[in-house]
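Me: I'd like to go through the wording used for this structure, term by term. Can you set each label against its cut-off?

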Amino acid sequence: MSQKGTAGYRTAVDVPEELHADLASLLLSLADNKRLLGMRYAEWLLGAPTLEAGIACSAMAQDEWGHSRILYAMLKDFGKDPAHLEHEREADEYLNSELLDEPPAEWTGLVALNFLLDAALSVQIESLKDSRFEPLHYKVRKVLEEERFHFEHGRGWLARVAQTDAGRAALEEALEPAWISCLRWFGGGSGLVVRLAEAGIADAGPDELRARWLDRVAPAVAEAGLELAGVTDGSWAVPELDWTGWDPARRRSGEGGLNDETLAAVRGDKNRTMLMD
Amino acid sequence: MGHLSGEHLYEIFARQKREDRLEHIGTISAPNGSLARAYAWQTYDEQKWFEMVVAPREAFEAVNRDESPFTVSPAEAT
């Protein structure tokens, strides 16, 4: 079933030429963010505050890598070579959120990625569940089933750490940059998210997606007593956003990119000899 | 397990098929319901469950025994 009562696209070939680049860019952005987020989860396998949290990070890493693998594979139909995408790009070719450029130093930073960024990716993915691009339908449902528990994990840790004054202060410090970054990630008044929404590929544009994300994460932020832009006295609204330095094509701050260690790890540089064939 | 302050035990029940009965499949330590749900699902992931539910151990009331639910006293263990 497609939106707006219009005919669906059963394969990438059916997608009109003018939408090709935008849809491919959206899929690559989701794939890159999920691949890198999975890496960040994996980095806490052995250092998480509890054994259970380490197990959860392991499970979430596997989920994210599974999701990114599905998305990279879909890009084959858009004329991209998944092996090139996964192993041969430079840092400035990754369409990742700036929040993933380097690993978080503290567990609260991982909680920020888990609760805010993972939720932002899910809100964007959910907007594709009845997409005119039909190959997404089944895959989106599968991804969202797994993401339900990522959200529970992030929300649970937010509440847990916020139990003390010191915890709340640490959370605010970690969440503040992630908060603004996620709000911007959905994009401005023009750009590919707008065009894809108008074309029925996604069911909402940036402003609606931002509002959905805020409605998902803000209740727990307010309940935890955290002060973040736009959240005051138990209610919330999208704050005024500063778009200085925003790169609409990469959906991130134009400056910077993956640090060297992250790039080497995500591309699998140490395994390059095995990729020769 | 449970070495952080503010942790609670949660009992996990699940069934594989709609027609199955819920069975007690394990216990997990978590500071709140959100984490109990996440940990239960991610830890007991060998099966494809039709339904999984969790409840804090404190929610269970002993009916016939004096000991706390889900525990066995040394005297009973022998």
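Reply: Sure, here is how the labels follow from the values. This is a predicted model, where local features need pLDDT of at least 70, side-chain atom pairs count only at pLDDT 80 or more, and totals for chains, interfaces and linings use all residues. Residues are numbered from 1 along each chain as its sequence is written, while chains are lettered from A and ligands numbered from 1 in the order in which they are written.

Me: What makes Arg160(A) buried or exposed?

Reply: Buried means 20 or more other C-beta atoms within 10 Å of its own, exposed 12 or fewer, and partly exposed in between, with C-beta atoms placed from the backbone. Arg160(A) has 23 within 10 Å, so it's buried. The residue is found in helix H5 (residues 136–161) of chain A; helices (H or I, at least four residues) and strands (E, at least two) are DSSP runs, numbered from the N terminus.

Me: Which residues is Arg160(A) in contact with, leaving aside its neighbours within four places in sequence?

Reply: Pro31(B), Asn32(B) and Leu35(B). Contact here means C-beta atoms, placed from the backbone, that lie within 7 Å.

Me: Why are H5(A) and H1(B) called oblique?

Reply: They pack at an angle of about 140°, with axes 7 Å apart. Axes are lines fitted to C-alpha atoms, for helices over the stretch in contact, and angles run from 0 to 180 degrees between N-to-C directions. Under 35 degrees is roughly parallel, over 145 roughly antiparallel, 65 to 115 roughly perpendicular and the rest oblique. H5(A) and H1(B) are therefore oblique to each other.

Me: How much does H1(B) give to the side of chain B that touches chain A?

Reply: Eight residues, the most of any contributor. On the whole, 17 residues of chain B are in contact with 16 of chain A.

Me: What makes S2 and S3 of chain B edge strands?

Reply: Each pairs on one side only, and pairing takes at least two DSSP bridges between two strands. The open sheet has three strands in the order S2-S1-S3 (chain B), with antiparallel pairing.

Me: How do you know that S1 of chain B pairs with S2(B)?

Reply: Seven bridges join strand S1 (residues 8–15) of chain B to S2(B), and the two run antiparallel. One of the bridge partnerships is His8(B) with Ala30(B). H1(B) packs on this sheet, touching S1, S2 and S3 of chain B, and its direction makes about 125° with that of S2(B).

Notes
Contact = placed C-beta atoms within 7 Å.
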